[in-house]
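Thanks for making the time this morning. I would like to walk you through one model, and I will put the sequence and the structure up before I say anything about them.

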2 protein chains.
Amino acid sequence: MTSPTLDTATMTDKELDDIYAFAVQLGKDAGKMLLDVTQLRIAGGNTDQECQGFTEKESAVDIVTKTDEDVEAFVKTSIFQRYPSHNFIGEETYSKSTTPTTSTYLIPSSPSSQPTWCVDPLDGTVNYTHLFPMFCVSIAVVIAGEPVIGVIYAPFLNQLFTACRGRGAWLNETQRLPLVRNNIPPMPADAPRGCVFACEWGKDRDDREGGNLRRKVDSFLMMAAAGEGKGDRRGKGGMVHGVRSLGSATMDLAYVAMGAFDIWWEGGCWEWDVAAGIALLREAGGLVTTANPPQDPETAAIKDVGLGSRLYLAIRPAGPSETESGRQGQERTVREVWRRVQELDYTRPGA
Amino acid sequence: MTSPTLDTATMTDKELDDIYAFAVQLGKDAGKMLLDVTQLRIAGGNTDQECQGFTEKESAVDIVTKTDEDVEAFVKTSIFQRYPSHNFIGEETYSKSTTPTTSTYLIPSSPSSQPTWCVDPLDGTVNYTHLFPMFCVSIAVVIAGEPVIGVIYAPFLNQLFTACRGRGAWLNETQRLPLVRNNIPPMPADAPRGCVFACEWGKDRDDREGGNLRRKVDSFLMMAAAGEGKGDRRGKGGMVHGVRSLGSATMDLAYVAMGAFDIWWEGGCWEWDVAAGIALLREAGGLVTTANPPQDPETAAIKDVGLGSRLYLAIRPAGPSETESGRQGQERTVREVWRRVQELDYTRPGA
């Protein structure tokens, strides 16, 4: 697996290794910027001029917005200095765009395109505002529409996740993922029972019948409830082992790659929220498909999700059991999730 | 604040300092035991004899149960060697008790009683089983019914939380809590809006009308929903800034003490789940009262919760605003939570 064939006609292994090493260093540097601001906020109220204005939670949102922009500018500038021909898409750049660039796909998928860097300078913004440690920088390199390199750095947790196609997925550059690698555990025979289910409440809190909030919460409840009930759950309760919400799609994906979360189900993300996490998870052996159940959930082909989907269902790396392959166990779990969740309504502007 | 008066007639500051130092070292040692087993599980499948049996997730539950028991035995033995006259209550010891010792209060509250060590050798058991880093050992010393010392160590995160009455609350022994201390932020003027709300789905998944699961989820939704809605939320939606579920009551409390979570609301915990966290949070300046709304939520006195309550509502440390004290802001937030949550049905066996 050390000499993979990339879906690009022109890139050599050496070139890819160089880009990967550069991306890892960039992730470390950007994460340090996030941590430095955190330290300034903690030290707020000192006489030091640099700490001025970091004394009140009221202003935390402004500090965070500025940090977000500063880190993206640093990452973008660094990339264009090193790779002037590459493409760049970042959360802040995208949000600020005044022209309607929001076509269906933000990232060129032609094999002959130059690589696209897809960057979230700060994922878990609410966590960062409140100084809850689950925040990170997320950097992906997408080649021919596929996320090939992923770098995720959560500096407050001192957790660095890195992956490059054919080079493995790693925690802190020394611990290969998933964590349990010798005999990777199969998916539980009665999944989603026995699974840790990660999901997020998100920002869409419109409280109306048929809205995404109600659909989400009904799906969470269907996954959590005991199977014996005869109420609204109609005996379909998933009785998952645990339900977790961290407030960061990127960290969710990293923990699925680690093997700690078995299932992550979410709608509404953008490319920069998930590109690095998908690169990491796929390299670790996980599966990522669409969150929304198809017409025929029992038989539909389970396709790898496209980066522009906004709807994601991720399953951890899985080994074989006595009766099925790892992939078969993952696909069985996908169908069991699809049986229990509702369709979410997220489209792309312009699509 | 360095020479507090304890509610015990006989203990000197020096004696308390000694117990505190012993508890901190015990927490570090116990946490290392948890981490060592994690490393063995990660290394599973090696030829090393010690790693045998650590190869399949199937057996993870058994490994975890054994680790839980081993760590509690180590902690208990260490305490009784050093302090033979003290009392001890631990999760494993309690669960195994064959006699109905489950009277209303497990912990002596008389001022003349010897200190009681209240220990959860492993909080976040499901997380530990799945190798999600949010697990910890939790050690409290309770004097005259009050948790006076709290030690929480999450070894996979390298986060050690320690507190002793009058000595402050600390992260990793160097960073005083809450993290933002110079001008501690007041509670938001429109709390729970702007707040991070921590809650747990727990193990009680019985899917029936009026059951705890539905009451919890309805409460979560009420806290999360936008206020404008006119549906089931009747315009009361709390529109919190974020909803988080970590799968560990102890870690939730630690992050409230840190100031990262603004509100934690939970029912069903036992003394060992919360004793150390309450010691930590109170020393940091937080408030802990009951989860269940009283008859007159707008005017009821807001009492500090007793350790035997099983129902907890915690609010982070808060500074004053221009119009109210920190405590007033916390109490206002308590009432706003009570307006939105349902009564949970948890009693004590024997009570």
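**Disulfides, symmetry and an annotated site**

Over all chains, the structure holds zero disulfides, a disulfide being a pair of cysteine sulfur atoms within 2.5 Å. Please keep in mind that this is a predicted model, in which local features need pLDDT of at least 70 and side-chain atom pairs count only at pLDDT 80 or more, while totals for chains, interfaces and linings use all residues. Residues are numbered from 1 along each chain as its sequence is written, chains are lettered from A and ligands numbered from 1 in the order in which they are written, and side-chain values use heavy atoms, with hydrogens and water left out.

On the cysteines, A:Cys136 is buried, with a relative accessible area of 0%, where buried means under 20%, exposed over 50% and partly exposed in between, using a 1.4 Å probe and protein chains only.

Turning to the annotation, the unreviewed UniProt entry gives a "binding site" covering A:Glu91, A:Asp120, A:Leu122, A:Asp123 and A:Asp273; such annotations may be inferred rather than shown by experiment. Although these residues spread over 183 residues of sequence, they cluster in space, with a largest C-alpha distance of 9.6 Å.

Within this set, A:Leu122 counts as buried at 1% relative accessibility, and, residues up to four places away in sequence not counted, A:Leu122 touches residues including A:Glu91 and A:Cys136, contact meaning heavy atoms within 4.5 Å. A:Asp273 counts as buried at 12% relative accessibility, and, neighbours within four places in sequence left aside, A:Asp273 is in contact with A:Asp120, A:Asp123, A:Ala249 and A:Thr250.
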